[in-house]
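Welcome! Here are some short exercises, each with a worked solution. Keep the model open beside you and try each task before reading on.

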Amino acid sequence: MHPKDQTIFALSSGRSPSAIAIVRLSGQQAGSALTLLAGKIPGPRQATRVLLRDANRQPIDDAIVLWFPGPSSATGEDVVEFHIHGGRAVLAALFAALSTIENVRAAEPGEFTRRAFENGKLDLTEAEGLDDLIHADTDRQRRQALRQLKGLLGDRARDWRARIIEASALIEAGIDFADEGDVPAELIAPALARIETLLGEIQQVLAGHGRSERLRDGLVIAISGPPNVGKSTLINQLARREVAIVSPHAGTTRDIIEVQLDLDGYPVTVIDTAGLRETDDPVEQEGVRRARARAAEADLVLWLIDAEHDSSAPGGGAAPTWLVRNKIDLDPVTASVTTQSRDARRQGQGEAMFAISASRSDGITELIAALVGFAQEFFGVTESGLISRIRQRELLQQTAASLERGLAVIGKGEELAAEDLRAAAYSLGRLLGRVDVEDILDVIFREFCIGK
């Protein structure tokens, strides 16, 4: 039997031991397996208490079972849920009993969701939203993923694709009736209007301020600067725990330390890098090299200094750099520096500057507030945000480009415009996962956990 026709099972709840564990089956043999273990098939979607037994009629557990006959199930196939006690021995006994049934096997990562996709229960954007929801670490990630799971982008893409097909039908009808005098013009004009409206809607989505697709991975902030200026103390302050060794000796940080933070719902990775200086120590040299490389990849660099070091941040980097003067408790800085810098940023002028004492927490609240503001501007995420993955943005860009070409060539030949519209509809089909996506399905679904 082909693997897709086999019945699959997996633990769909948290890792054992737990109070209750949920094991799911999906496939043609789900009903037979349920009858073998529970002795009967209960009514659809009715929680029923049964004593599960293995093939030798030995008891496994006192459990609750639910029966979801296809196609009215999550995967579109017959589905069974076993709600059992979450001990390791109970799970092992149930898995062993299921494994002895012919054409029943353990599921692979994402296989339940892939079957739901292949059976038309959800499109690819919704499947991606489900994966993002499972892996969401912050509230904003959760809300964005939930919008995708509810079909926010998929519904729009289906509507766009249907309208493109309608416009294409008008143009192709014009080609067929080219010998009927002014009939083609009567067909081409409404087609043009629809294409222009569609293009405007898609361009508006693409032009939305921010990088909402980066919300999945988060913002990367590098703390950089000379040795012994308090970089490790600052990252400990931001993390609110001891994640880096603090020492008065220069060169303590030899490697890169990364901390995951939740700043007002925005996922942020803060990096503590080795102090940048000339050194003969080969280990520290490697740390400096890695620090420079990681800072170059960051979305924002906090250049940390104190009174003993130069007051200007290095230029030339792709990411914006904020100058942060530390240790103001040892060498007080004018309190207006931060206020003046904040006003300058509001007016789009000057270099961002902050005065802090990482050891005493002075100015940390203001710095964090500025980082939240930077994240808000960087992501630009609102409740109407549509794009959550780079793949989605690229396919929408391809769709818009095809529509633009169609508008440009329609005066030179309706056949060319019709071909461009077909290309636009094809790109949206790939976005939804309905045409020619076999090459990316394995990549997407293997990111899922087993049992989902």
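**Exercise 1. Which residue in β9 stands opposite isoleucine 223?**

Solution. Before we start, note that this is a predicted model, where local features need pLDDT of at least 70, side-chain atom pairs count only at pLDDT 80 or more, and totals for chains, interfaces and linings use all residues. Residues are numbered from 1 along each chain as its sequence is written, and side-chain values use heavy atoms, with hydrogens and water left out.

Step 1: Find strand β7 (residues 219-224) and strand β9 (residues 266-272), which run parallel and are joined by 5 bridges. Strands here are DSSP runs of E with at least two residues, helices are runs of H or I with at least four residues, and both are numbered from the N terminus.

Step 2: Look across from isoleucine 223, and you meet aspartate 272 in β9.

**Exercise 2. Find the order of the strands in the open sheet, and name its edge strands.**

Solution. Step 1: The open sheet has 6 strands, in the order β8-β9-β7-β10-β11-β12, and the pairing is mixed. Two strands pair if DSSP finds at least two bridges between them. Strands of a sheet pair through backbone hydrogen bonds, either parallel or antiparallel.

Step 2: β8 (257-263) and β12 (353-355) each pair on one side only, which makes them the edge strands.

Step 3: From one strand to the next, the twist averages 25°. Helix α8 (residues 231-239) packs on the sheet, touching β7, β8, β9 and β10 (300-305). Touching, or contact, means heavy atoms within 4.5 Å. The direction of α8 makes about 160° with that of β9; axes are lines fitted to C-alpha atoms, for helices over the stretch in contact, and angles run from 0 to 180 degrees between N-to-C directions.

**Exercise 3. Decide how far helix α3 is enclosed, and look at its salt bridges.**

Solution. Step 1: Use the cut-offs for relative accessible area: buried is under 20%, exposed is over 50%, and partly exposed is in between (1.4 Å probe, protein chains only).

Step 2: In helix α3 (residues 111-118), 7 of the 8 residues are buried, so the helix is largely enclosed by the rest of the structure. The buried ones are Glu111, Phe112, Thr113, Arg114, Arg115, Ala116 and Phe117.

Step 3: Glutamate 118 is partly exposed, at 34% relative accessible area, whereas arginine 114 is buried, at 15%. These two form a salt bridge, with the closest N and O atoms 3.2 Å apart. A salt bridge is a side-chain nitrogen of Lys or Arg within 4 Å of a carboxyl oxygen of Asp or Glu. Both partners lie in α3, 4 residues apart, about one turn of the helix.

Step 4: A network of salt bridges links Glu77, Arg105, Glu111 and Arg115. After α3 comes glycine 120, with a positive phi near 75°.

**Exercise 4. Which parts of the chain does the salt bridge between arginine 389 and aspartate 132 tie together?**

Solution. Step 1: The side chains of arginine 389 and aspartate 132 meet at 2.9 Å, N to O.

Step 2: Arginine 389 lies in the loop between α11 (364-379) and α12, and aspartate 132 lies in helix α4 (residues 124-134), so the pair ties together parts that are 257 residues apart in sequence.

Step 3: Arginine 389 counts as buried at 7% relative accessibility, and aspartate 132 counts as buried at 10%.

**Exercise 5. Describe the surroundings of arginine 391.**

Solution. Step 1: Arginine 391 is found in helix α12 (residues 390-409) and is buried, with a relative accessible area of 17%.

Step 2: Leaving out residues up to four places away in sequence, arginine 391 touches Leu124, Thr125, Glu128, Arg430, Leu431, Ile440 and Ile444.

Step 3: The side chain of arginine 391 reaches the backbone oxygen of arginine 430 at 3.1 Å.

**Exercise 6. Is threonine 100 buried or exposed?**

Solution. Step 1: Threonine 100 sits in the loop between α2 (88-99) and β6 (104-106).

Step 2: With 58% relative accessibility, threonine 100 counts as exposed.

Step 3: The side chain of threonine 100 reaches the backbone oxygen of alanine 97 at 2.7 Å.

Note on methods: Polar contact = N/O pair within 3.5 Å; in protein donor to acceptor, adjacent residues only side chain to side chain.
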